[in-house]
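Colleague: I am new to reading protein models. Could you take me through this one, piece by piece?

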Amino acid sequence: MSEGHVNFLGGSPLNRLSWLRTSSAFLNTLLASTSTRWIAFQYGKPLIASRARENQLAWLTTAEVEHFLGPKPHFGQGPTEGATAAVDAPIIEAARFRGAPIVFLGVNEPQANEYNPAIPPEEFAKTLVGTPFFSVDVSDVSQSELDRLVQTSLAGTDDFTLSFAEPRSAIRGLDDPNAAIFAVARSMIDWNFRNKFCASCGSPVYSVWGGWKLTCTSLLSTSDNTGRNPCPTLKGLHNIAHPRTDAVVIMAVLNEAQDKILLGRNKKFPTRFYSTMAGFIEPGESFEDAVKRELWEEAGIHVRNVKYHSGQPWPFPANLMVGFYAIGDPSEAIRIDLDNELEGSHPNVVRAYLLRFSLFLDAKWYTREEVLAVLQHKEGTNFTRSDFKQMASIDERVNVKASGDPLGGDAAVHGNQTQEAPALVTHHDNEPPFRIPPRTAIAGVLISDWALGKTVVGYKGRM
């Protein structure tokens, strides 16, 4: 059903070579290669090269970032200064205890490299054809050192300026491969940045597996655990947590005839902006269960025949937007007060809850003609800079519920990128009657595919 459709931020060109993340020799050899490229982040903001209205990721060489990487070896460090990790110690495979946090992202191969397990990893790294990619977090680096990085990287590129930019606006205009590399890089940098202590015992953690795993320091032979119970991570695979991905269902609800679609408006959305419903999947739920629960909670409607469309990575910080179509009944009353009923005796508490968790405050059924009129309007799927700043400020204040992001993906900064719509309805006003997400967001894909008759699920009788 979803074959052939790749959403923006998806379709990564990288071979992640995950089975070699444990090899310090492999990673150190790649790191030293002149073909290796780095993306730097400061508090989640990527380093961007800008020129006029053009943005691109500032890909750095190892020589340009090596000052931040700490003492060698960069991978395979021992727990004490100057020590090298033993190659046969599982809890310190490709470990880093010093230097800026770094992550091995993978290799962009022009064609698949043939891996022979009989060849030592470092020898394979030397013969590997392609561009290795790493990310580095320079959040704790002094401003003077960052200024030096920028000045060094700008040599010979006078027409560009380098800066750490707000990530949603920073990826404006990126091509699909670079956007997909950015997505994994930012999610992994954020995960390493947020997780400093063991969730089981509270001890500090350190990086292993090329940045893809965090291990409790209490497991090290150098740790003093006198009077403490053994950390539960002592057993098994010594994991405190795998890199996080939180699934969010994005839901386009159609009527039985599939000529109407349900769209919702959140109070935090920009003016006249409507999108599909959305919500986080909860423990013990299938995707289909989450679709049905969220639509009941947000709009008070029951749906059936839930069908998967496609997924979209969303690295702010670590979501996977999973798109679905479902069938609902327009004659069923839309309700946005269910949480009020649950907290009926405490209206002020309910009001605060609604404001904090971004529940939808309006939902309507729209016809195909109404949506097509928006698609053909030059501003119908445009998300302005002021709109973008409004949403970014919200994200900074609270951990926004998935339904609080009108785009269900990072379309906020990509402007009007819709397919051409049939000229069924023409508006002569300067403004469209309402706005919807562009196709760079999975919500926009679901809406426009339905309106343009390109839904994979088909029409009446086939869904």
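Modeller: Gladly. A hairpin is a good place to begin: S13 is joined to S14 through four residues. Keep in mind that this is a predicted model.

Colleague: How many bridges join S13 to S14, and in which sense do the strands run?

Modeller: The hairpin links S13 to S14. One pair of partners is Tyr308 and Phe324, with Phe324 in S14. The two strands run antiparallel, and the bridges between them number eight.

Colleague: Which residue follows the cis peptide bond in the loop between S13 and S14?

Modeller: Look at the loop between strand S13 (304-314) and strand S14 (319-327). The cis bond there has an omega of about 5° and starts at Phe316. The residue that follows Phe316 across this bond is Pro317.

Colleague: Which strand pairs with S14 in the parallel sense?

Modeller: S14 runs antiparallel to S13, so look for another partner by the rule that pairing takes at least two bridges. A parallel partner shares nine bridges with S14. Leu254 stands opposite Ile327 in S14. The parallel partner is strand S10 (residues 246-254).

Colleague: How many of the nine residues of S14 are buried?

Modeller: Buried means under 20% relative accessible area. S14 is mostly covered by that standard. Of its nine residues, the buried ones number eight.

Colleague: Now the helices. At what angle do the axes of H10 and H12 cross?

Modeller: Helix H10 spans residues 368-376, and helix H12 spans residues 442-451. Their axes come within 9 Å. H10 passes H12 in a left-handed crossing. The angle is roughly 115°.

Colleague: How many nonpolar residues are in the contact of H10 with H12?

Modeller: On the H10 side are Arg368, Val371, Leu372 and Leu375. They meet Ile447, Ser448, Trp450 and Ala451 in H12. By class, one residue is polar, one is charged, and the nonpolar ones number six.

Colleague: Let us turn to charges. How many salt bridges does the count come to?

Modeller: The rule asks for a side-chain nitrogen of Lys or Arg within 4 Å of a carboxyl oxygen of Asp or Glu. Lys72 and Glu66 meet it at 3.5 Å, N to O. By this rule the count is 14.

Colleague: Is Lys72 buried or exposed?

Modeller: Its partner Glu66 is partly exposed, at 29% relative accessible area. Lys72 has a value of 64%. The cut-off for exposed is over 50%, so Lys72 counts as exposed.

Colleague: Which residue is joined to Lys72 by a cis peptide bond?

Modeller: The bond has an omega of about -5°. The residue joined to Lys72 lies in the loop between helix H2 (62-65) and strand S5 (102-108). That residue is Pro73.

Colleague: Asp190 and Arg194 form a salt bridge too. Which of the two is buried?

Modeller: Both lie in helix H6 (residues 176-194), four residues apart, about one turn of the helix. Their side chains meet at 2.5 Å, N to O. Arg194 is exposed, at 57% relative accessibility. The other partner has a relative accessible area of 14%, so the buried residue is Asp190.

Colleague: How many residues apart in the chain are Arg272 and Glu431?

Modeller: Their side chains meet in a salt bridge at 2.8 Å, N to O. Arg272 sits in the loop between strand S11 (260-266) and strand S12 (277-280), and Glu431 in the loop between helix H11 (385-397) and H12. The pair therefore links distant parts of the chain, and the separation is 159 residues.

Colleague: One last point on backbone angles. Where is Ala94, and is it buried or exposed?

Modeller: Ala94 has a positive phi of about 55° although it is not a glycine. Its place is in the loop between H2 and S5. The relative accessible area of Ala94 is 1%, so Ala94 is buried.

Colleague: And how does Trp209 count by accessibility: buried, partly exposed or exposed?

Modeller: Trp209 also has a positive phi, near 55°. Trp209 lies in the loop between strand S8 (205-208) and strand S9 (213-216). At 25% relative accessibility, Trp209 counts as partly exposed.

Note on methods: Residues are numbered from 1 along each chain as its sequence is written. This is a predicted model: local features need pLDDT of at least 70, side-chain atom pairs count only at pLDDT 80 or more; totals for chains, interfaces and linings use all residues. Side-chain values use heavy atoms; hydrogens and water are left out. Axes are lines fitted to C-alpha atoms, for helices over the stretch in contact, and angles run from 0 to 180 degrees between N-to-C directions. A crossing is left-handed if the near helix is turned anticlockwise from the far one by less than a right angle, and right-handed if clockwise. Contact means heavy atoms within 4.5 Å. Ala, Val, Leu, Ile, Met, Phe, Trp, Tyr, Cys and Pro count as nonpolar, Asp, Glu, Lys and Arg as charged, and the others, Gly among them, as polar. Buried means under 20% relative accessible area, exposed over 50%, partly exposed in between (1.4 Å probe, protein chains only).
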